[in-house]
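My notebook is open, and I am going to look things up one at a time. Come along and check each entry against the picture.

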Amino acid sequence: MAHVSDLIASDIDAYLLQHQQKSLLRFITCGSVDDGKSTLIGRLLYDSKMIFEDQMAALEADSKKVGTQGGDIDFALLVDGLSAEREQGITIDVAYRFFSTDTRKFIVADTPGHEQYTRNMVTGASTADLAIILIDARKGVLTQTRRHSYLVSLMGIRHVVLAVNKMDLVDWSREIFDTIVSEYQDFAAQIGIKQFHAIPISGLKGDNITAKSAASPWYEGPALMRLLETVELDETTRASGPLRLPVQWVNRPNLDFRGFAGQIAAGSVRPGDKVRIAASGRTSTVARIVTKDGDLERAVAGQSVTLTLADEIDCSRGDVIAAADDPPQVADQFETTIIWMSDEPLLPGRPYWLKLGAKTVSAQITDIKYKINVNTLEHLAAKVLELNEIAVCNVSLDQPIAFEPYKSNQDLGGFILIDRMSNATVAAGLVHFSLRRAQNVHWQALDVTRATRAEQKTQKPAVLWFTGLSGAGKSTIANLVDKKLTSLGKHTALLDGDNIRHGLNRDLGFTDADRVENIRRVAEVSKLMIDAGLIVLVSFISPFRAEREMARRLMPDGEFLEIFIDTPLDEAERRDVKGLYKKARAGLLKNFTGVDSPYEAPESPEVHINTMAFDPAAAADAIVAKLLSRS
């Protein structure tokens, strides 16, 4: 008995080892609504015998209860897990499923077809090696087919399968199949898909899925499963390039060990190889390649390892360890493609967090060059981006980072944008190239420092940022503060919103995008003024917290005081000295703060002035006292 059990254990070990060594293909299914994506995946799971008996029993019961096949097995229910999906017969979320055959392992992502879930489709495509684009043979190439195909091309998916589904409903007409393939080929050439495999299938009946079907004798290509098992993966291409290892963690368990852990994004590495820290340019030599199972003599793209270096050099999370003789580029300004994924619009000039690999930096969209109509590929002018819109944009960072164009290396060329207030992911982005000015414009060293200028004026520079509704009393109080400080011998400058719009910002309107740019310019001017040693008073509505926070981050710690001039809307409207509220209520003044444009009140201002309790003179005294009390 012991001998038999040993044999069984040996067979299990051999099977597990064989399974572990199989290559892994990640692919997505996409296309228009009801083209049969979920049914196809369900059929793949069924035919690859990846459904357990209890799952099969549940599937049969669900098919009778909520299925769409008249009581027959509805394979789509294996994937459509949300109750809303089952009720509507559609896919909403991205559903991932694992299955395997004798030769390869697979992870498939079923992505939704509806346009409002385009962001979900991008999520599924971001890790895919191959895309199956389904087309309903009865309907042909549709708008969403074009949209998803464009996204597949944009996301750099090299392998594309055009699965013309439901061929059984058109009597397996070769003429219809050829017409669809020809139309798709014309569009694919326009968006950069150079080649694709076209297969006529019936996902529901299983024709041309795991084996060639007698229903299509005119089709000479392989069945879908055979194609998935034999398509070439990108692993060899990634391993042949120069070393790129984004550092995810600095491993220092004790004083005698310091290693840099991460997954190799490209190339290979051996002990003794010369490497460079991309951002700093410092070089060293690889001492060891450490893994849980012991040191390696060589590691390649896709492996997670810890490198130790021969020298003590500065390297931290987010840095990139690269081949010394072929490092990646380093820059702080790029041309990119942005796929906007938030209900709130993208506003140029607004600060976001940009996360590329393990590196997180502050970023601004400086220019929307054009947005793309993915149905016509037309380039359209745009000042903002709405949900699911795609545009080519210039991006500026607060520090240089290592990168490579997305087409060359997706790990070092793909990024996300994160809202700084909510921490929600609002966009996916692809780097094209660094802007020339990023390499040609450098900081000029100055002999007279900001400290010297402040000492000359015997004062500590500061920005007093007055914010509040129109009519709250910002300008009145700021003017009184300016007079008091001047009488005390302080050197000041007052930037008032109305006055600035007569000159520096005369080209800006009152849309959300223009308001963001308005504050960005004023914040930069304020920074230059405190560098000159001045106390700067800024009196602007500045309705958005994100832009006030951006202004704060530009200034040294302790030199930005947010002053909330808090006046209730009904009181500000009652005063209405300039008659602006009256015009806004009459529809003559669009995007007016408090009426049809929001005001986001400060949450923790340094000074909070309730104008219902303070008169302007008392408010000014309180602000001056706060300023002079700083250590």
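**Entry 1: salt bridges.** Before counting, I wrote down what I was counting: a salt bridge is a side-chain nitrogen of Lys or Arg within 4 Å of a carboxyl oxygen of Asp or Glu. I also noted that this is a predicted model. With that rule in hand, I found 27 salt bridges in the structure. The general idea is friendly enough: side chains of opposite charge can pair when their charged atoms come close.

**Entry 2: Arg174 and Asp178.** I picked this pair to begin with, and their closest N and O atoms are 3.7 Å apart. That falls under the cut-off of 4 Å, so the pair counts as a salt bridge. Why can they reach each other? Both sit in helix H7 (residues 174–190), 4 residues apart, which puts about one helical turn between them. Then I checked the surroundings: Arg174 is partly exposed at 44% relative accessible area, and Asp178 is partly exposed too, at 37%.

**Entry 3: Glu517 and Arg520.** Here the closest N and O atoms of the salt bridge are 2.9 Å apart. The two residues are 3 apart in helix H15 (residues 512–531), again about one helical turn. Is Glu517 buried or exposed? Its relative accessibility is 15%, so Glu517 counts as buried, because buried means under 20%. Arg520, at 24%, is partly exposed.

**Entry 4: Glu571 and Arg575.** I looked up this salt bridge next and noted 3.1 Å from N to O. In helix H17 (residues 569–575) the partners are 4 residues apart, about one helical turn. Glu571 is buried at 13% relative accessibility, while Arg575 is partly exposed at 28%. I also came across a network: Arg548, Glu549, Arg552, Arg553, Glu562 and Glu606 are joined by salt bridges that share partners.

**Entry 5: back to H15.** I wanted to test the length of this helix. Its 20 residues, at 1.5 Å a residue, should span 28 Å, and the end C-alpha atoms are 29 Å apart, which agrees. Next I listed buried residues of H15, including Ala513, Val516, Ile519, Val522, Ala523 and Ile530. Charged residues are on that list as well, among them Asp514, Arg515 and Arg521. What covers the buried residues of H15? The cover includes helices H12 (450–456), H14 (497–500) and H16 (545–554), along with strands S23 (462–467), S24 (492–496) and S25 (535–539). Just after H15, I spotted Gly533 with a positive phi of about 90°.

**Entry 6: two strands and a helix.** Strands S5 (residues 159–165) and S6 (residues 197–200) run parallel, with 4 bridges joining them. I found Ala163 standing opposite Ile199 in S6. Helix H7, from my second entry, returns here: S5, H7 and S6 make a right-handed β-α-β unit.

**Entry 7: the nonpolar cores.** The largest nonpolar core has 67 residues. Which of them touch the most other members? They are Phe27, Ile28, Ile132, Val152 and Tyr184. I followed Ile28 further, leaving aside neighbours within four places in sequence, and its contacts include Ala109, Met121, Leu130, Ile132, Val152 and Ile157. Thr111 and Gly124 are also among the contacts of Ile28. Apart from this core lies another, of 28 residues, with Tyr352, Val395, Ala402 and Val426 among them.

Terms used. Residues are numbered from 1 along each chain as its sequence is written. This is a predicted model: local features need pLDDT of at least 70, side-chain atom pairs count only at pLDDT 80 or more; totals for chains, interfaces and linings use all residues. Side-chain values use heavy atoms; hydrogens and water are left out. A nonpolar core is a set of buried Ala, Val, Leu, Ile, Met, Phe, Trp, Tyr and Cys residues joined through side-chain atoms within 4.5 Å. Buried means under 20% relative accessible area, exposed over 50%, partly exposed in between (1.4 Å probe, protein chains only). Contact means heavy atoms within 4.5 Å. Two strands pair if DSSP finds at least two bridges between them. A crossover is right-handed if, with the strands pointing away from the viewer, the path from the first strand over the helix to the second runs clockwise. The expected span of a helix is 1.5 Å times one less than its number of residues.
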